[in-house]
Amino acid sequence: MAVTDKERKLAATLSDPVLWGQAYLYNRDGSGRDYWPHQVEDLRCPAKNIIHLDGRDVGKSIVLSTDALHYAFTTRGGQGLIAAPHQGHLDTIIEEIEFQLDTNPDLMNSIALTKYGKPKIHRKPYFRLEFTNGSVLYFRPAGAYGDAFRSLHVGRVWVDEGAWLTERAWKALRQCLKAGGTLRIYSTPNGLRDTTYYRLTSSEQFHVFRWPSWLNPLWTEDREAELLEFYGGRDSSGWQHEVAGEHGKPSYGAFNVEQFNLCRQDLLEYQKIVITDSELRDCDTEEAAHDRLEMLLNLTPRSGQFWVGGDLGYTNDPTEIVVFQEMEIGERTLLKMILRVHLEHVSYPHIAQIIALLERYYTPAGIGVDNGGNGLAVVQELLTLDKYKGLELEGRLKGYDFGGMTRLAVRGGKEIKKRTKELMTSLINGALQRKQLIFPSDDLEVEDQFTTHTYTLRDGKIIYSKGNDHIIDAVRCAMLIREEGNLDPVGEEVVSLKPVLTNPVFI
């Protein structure tokens, strides 16, 4: 029987991930999926091993999800693994894939059904899709040791944000891939040199793609100028990693991942609260805003000793406020994170109201905030306005200049100072080493920020990575306000700074 043109077209579509994506997938505005030239090159690349050095906003998640869905849709009995350092990274890909399934009935009909007639879309303990042709897509977070990978044996692996996988996770992942299987690694480089990701980008066995952010057709001169100002120029590590997609200057982990993971626990009392400007728009008076914020926070009075830290961004930046409870367990002092308040597009008068509410419910021993962004305005409101005088925050509320210096001691009539941000970071590191800090294990954003925060060295100075660090900065402020009571200005003891917790490897 002769093959019809329709059958030829269908065969061509099924064999080509680009044509298949254009036929089956959609953009969020409902238009048909189309691919940029650099995405087409990746999707049609025949290499078994592919690795990326990508800037932000170049469409790597679109490419990854397209290739994974095409593989499962067209491969009978195929098994594939989508891996990432943390669940938060996977959630972005899962959201895209679920959107495509909900949008295209043909794609949803390719999902196998249970005996009860429900799609085989498993969400616990990990996300998994099973298809009518016998294919399975597994989605697994690596964590610190790659334990979630160990039971799998698959023909294709996609890795998102591969630069952040630990060495133990890489070893577990490599054992998952069958001989002759396909490995596709996507990531924004982080400058760390002593990693498997860095080594593979120089391997002759891998086809390397380099996608700087300006490959995005929506790139403009205004966007370039905005990012140059944010990261501090083209020579900054932030620009090199996040925009240019280059290894750039050598970077080092600001925190030890294993020590951090040992400080994560299930905290039943932990609360994460998200408040956006949309929830406050209809509050016409200060009293109405106060009542709304009190309702949204939904706090109960607590007894004990508490410390509050805040990274108070501008209106367009997120604000993070954290509360730690200090506890004595035997001879050990523990600091347990019991609350995180995430604010989006919330103005500084409302931020001041939130801090005042936290003071009323917790009566913290100290409240530390950064002096950048809205910080200075919030501190001035809380310390000078009559309505906040009753809180008696003088001496307990302090704003810190992250670029400034903190006096630690006086020796021989001379002050000994340390850079404030380095001091704050060393306080966190010391508490992690002593297992003194306790973080909630189910807050994935806390995990993501602490395990991906880096620094570079420039002229002997430590320059920390920017952007994904708002929670960390809030913790920094909480730790310094707590420590200031222990810093004797006339004493001889100096806080030991030890920010380097990874092996510096200069190449």
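In this predicted model, I367 has a relative accessibility of 1% and therefore counts as buried, since the word buried is used for residues under 20% relative accessible area. The residue belongs to strand β15, and its C-alpha atom is separated by 9.2 Å from that of V323, although the two residues are 44 residues apart along the chain.

To see what surrounds this place, it helps to turn to the strand that pairs with β15. Strand β12, which covers residues 305-311, is joined to β15, residues 366-370, by 4 bridges, and the two strands run parallel; within this pairing, W307 stands opposite G366 in β15. Strand β12 is also joined by 7 bridges to strand β13, residues 319-329, but here the strands run antiparallel, with F306 standing opposite Q325 in β13. Of the 7 residues of β12, 6 are buried, so the strand is largely enclosed by the rest of the structure. In a regular strand, the side chains alternate between the two faces of the sheet.

Where the chain comes to helix α13, residues 348-362, a second kind of element can be examined. Helix α13 has 15 residues and reaches 21 Å from its first C-alpha to its last, which is close to the 21 Å expected at 1.5 Å a residue. Is this helix mostly covered or mostly uncovered? Helix α13 is mostly covered, for 12 of its 15 residues are buried, and among them are H350, I351, A352, Q353, Y361 and Y362. The helix is followed by T363, whose phi is positive, near 45 degrees.

Helix α13 also has a partner, helix α14, residues 375-384, and the axes of the two helices come within 9 Å and cross at roughly 55 degrees. The two helices are therefore oblique to each other, and their crossing is right-handed.

A useful contrast is helix α5, residues 87-103, which has 17 residues and reaches 24 Å from its first C-alpha to its last, close to the 24 Å expected at 1.5 Å a residue. Its buried residues are H89, L90, I93, I94, E96, I97, Q100 and L101. Why can these residues be said to line one face of the helix? Seen down the axis of α5, the buried residues fall within an arc of 160 degrees, so they line one face of the helix. The spacing of such residues can be understood from the geometry of helices, because an α-helix has 3.6 residues a turn, so residues three or four places apart point the same way.

Another part of the model is an open sheet of 8 strands, whose order is β3-β4-β5-β2-β6-β7-β1-β8 and whose pairing is mixed. The edge strands are β3 and β8, the latter covering residues 207-211, and each of them pairs on one side only. Inside this order, β6 and strand β7, residues 177-186, pair in the parallel sense over 6 bridges, and the bridge partner of V159 in β7 is I185.

Several loops connected with these strands hold backbone features that deserve a careful look. E161, found in the loop between β6 (154-160) and α7 (167-174), has a positive phi of about 55 degrees although it is not a glycine; at 5% relative accessibility, E161 counts as buried. D57 likewise has a positive phi, of about 60 degrees, although it is not a glycine, and D57 is found in the loop between β1 (49-54) and α4 (60-74). In the loop between β3 (121-122) and β4 (128-130) lies P125, and a cis peptide bond, with an omega of about -5 degrees, joins K124 and P125.

The last sheet on this path is an open one of 3 strands, in the order β9-β20-β21 and with antiparallel pairing. Which strands lie at its edges? The edge strands are β9 (251-253) and β21 (461-464), each of which pairs on one side only. Neighbouring strands of this sheet are turned by 40 degrees against each other on average, when direction is ignored. Strand β20, residues 454-458, pairs with β21 in the antiparallel sense over 4 bridges, and within the sheet T456 stands opposite I463 in β21.

Notes. Residues numbered from 1 in each chain as written. Predicted model: local features only at pLDDT ≥ 70, side-chain atom pairs only at ≥ 80, totals over all residues. Heavy atoms only, no water. Expected span 1.5 Å × (residues − 1). Buried < 20%, exposed > 50% of the residue type's maximum accessible area, 1.4 Å probe, protein only. Arc of directions from axis to C-beta. Pairing = 2+ DSSP bridges. Axes fitted to C-alpha atoms, helices over the stretch in contact; angles between N-to-C directions. Parallel < 35°, antiparallel > 145°, perpendicular 65-115°, else oblique. Left-handed = near helix turned anticlockwise from the far one by under 90°.
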